[in-house]
Amino acid sequence: MITILYLDNSATTSILPEVREKMLTFLTEEFGNPSGKFYDLAIHAKEAVEAARDHVGNLLGAKSLEIIFTSGATESNNTVLKGVAEHYSNKGKHIITSKAEHPSIMDVCEYLEDKGYEITYLDVDQFGRVNPEDVKQAFNDNTILVSIFWGNNELGSLNDIKKISQFCKDRNVFFHTDATQVTGKVDIDLEEYQGISFLSCSAHKMHGPKGVGALFVRSDEYGKLIEFTPLLHGGGQERELRSGTYSVHNIVGFGEAARIAKEQLSSNREQLKELEEKAKELLIEKFNDHIIFNSDDNNKIPGILNIRFKGINNQILLKKLAPVIAASSGSACSSTKPSHVLQAIGLSLQEVRESVRFSFSPYIEIDELDVFKLL
Ligand code: PMP
């Protein structure tokens, strides 16, 4: 029997057994609400949430107090864009982003445009990267925020976040980066990126549960976080920045996934690189010059390959592959529309419709790629 090889890990990942185990405890006996209670059930839940915060902080090189739990990267992105836009509207109404961002940035920017904000959508190069100099050029006196992804979800290309964040710091402009696809795959030490004001990430892209993510918010030397208007008002959880009863089991699962991702960062990276190389080799052997790699060879998230199968419609191909390989044409969040990312790198609509993304997990064995020989 052929088992299906799951190559859609940029869309979501399986939950690791250790993560599931930890979560189960907080779905069963430890069901307490961590907010402001004195009995053991609540205290245990509170301690578990704080331990998870430490693990996520540790993965990012951030202080625990700088981690705000959310329902995922979509919420983190919405929180920053809308929250900064509203809070600093009397300072300026200009935001800079790129043409290759995730829909949870692009659509918020369009929404803000309707509300009277001016948005600059920077062009990207053939691999989806922003030229840092373009960010510098785009600043004006009204610029309040720059939001540029760290690594692209469709192509895996990494941006020069060091340079871009430094330019923002020099200009005294907040900088947000969507790091959803890079956390757990790229070494992130936010101590070394003082220009990053905000960062979004999500548990389900690193073998944790769906429905939980984090927003990193930079603190000053006194532990005071950058101010913004919260998206959710209510019970005042997360230092009044994100109200709502804690999803303790999800947060605990996120913490465990982050702990493991940190511990295995370098071995996971190596495995992903090996898988990518081997898959490339097998694909070239099989398809020769009938395929073109849309993703770059270097300076990318290991384990994301975007490939154009010349003359073959991606939906037909993906359907045909489905009994042996589970993959997608790109972002799960916009699967009905042709990818705006691939259009932004200059591909024609026809070329976009011939492109497929294979995204790997470090828990795949090299031998499992033999399935490519069956294509
Ligand atoms: N940003 C990027 C780059 C993503 O890949 C995704 C998930 N596709 C998101 C944001 C949204 O994350 P979530 O599913 O946690 O809302």
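The following exchange concerns the ligand site and the two sheets of a predicted model.

Me: How many residues surround the ligand, and which are the closest?
Reply: The ligand is surrounded by 14 residues, and the closest are T74, D178, Q181, S202 and K205.

Me: What does the side chain of D178 offer the ligand?
Reply: An N or O atom in the side chain of D178 is 2.6 Å from a nitrogen atom of the ligand.

Me: And Q181 and K205, which ligand atoms do their side chains approach?
Reply: For Q181, a polar side-chain atom lies 2.7 Å from an oxygen atom of the ligand. For K205, an N or O atom in the side chain is 2.8 Å from a nitrogen atom of the ligand.

Me: What percentage of the ligand's area does the protein bury?
Reply: The protein buries 89% of the 400 Å² that the ligand exposes when taken alone.

Me: How does the shell divide by class?
Reply: The shell around the ligand has ten polar, two nonpolar and two charged residues.

Me: Which element gives the largest share of that shell?
Reply: Helix α3, residues 73–87, gives the largest share, with three residues.

Me: Turning to the sheets, what is the strand order in the one with seven strands?
Reply: The order is β2-β8-β7-β6-β5-β3-β4, in an open sheet with mixed pairing. Its edge strands, each pairing on one side only, are β2 (67–70) and β4 (118–122). On average, neighbouring strands are turned by 20° against each other, direction ignored.

Me: Do β3 and β5 run parallel or antiparallel?
Reply: Strand β3 (residues 94–98) pairs with strand β5 (residues 143–147) in the parallel sense, over three bridges. Within this pair, H94 stands opposite T143 of β5.

Me: Which strands does helix α2 lie across?
Reply: Helix α2 (residues 40–60) lies across β2, β7 (198–202) and β8 (213–217), and runs at about 115° to β2.

Me: What about the sheet of three strands, what is its order?
Reply: That open sheet has the order β9-β10-β12 and antiparallel pairing. The edges are β9 (291–293) and β12 (355–359). From one strand to the next, the twist averages 30°.

Me: How many bridges join β9 and β10?
Reply: Three bridges join β9 to strand β10 (residues 304–309), in the antiparallel sense. The bridge partner of F293 is I307 in β10.

Me: Which strands does helix α8 touch there, and which does α9 touch?
Reply: Helix α8 (residues 265–287) packs on the sheet and touches β9, β10 and β12; its direction makes about 10° with that of β10. Helix α9 (residues 314–321) also packs on the sheet, touching β10 and β12, and its direction makes about 40° with that of β12.

Notes: Residues numbered from 1 in each chain as written. Predicted model: local features only at pLDDT ≥ 70, side-chain atom pairs only at ≥ 80, totals over all residues. Heavy atoms only, no water. Near = heavy atom within 4 Å. Polar contact = N/O pair within 3.5 Å; in protein donor to acceptor, adjacent residues only side chain to side chain. Areas by Shrake-Rupley, 256 points an atom, 1.4 Å probe, with all protein chains shown as cover. Helix = DSSP H or I, 4+ residues; strand = E, 2+ residues; numbered from the N terminus. Nonpolar A, V, L, I, M, F, W, Y, C, P; charged D, E, K, R; others polar. Pairing = 2+ DSSP bridges. Axes fitted to C-alpha atoms, helices over the stretch in contact; angles between N-to-C directions. Contact = heavy atoms within 4.5 Å.
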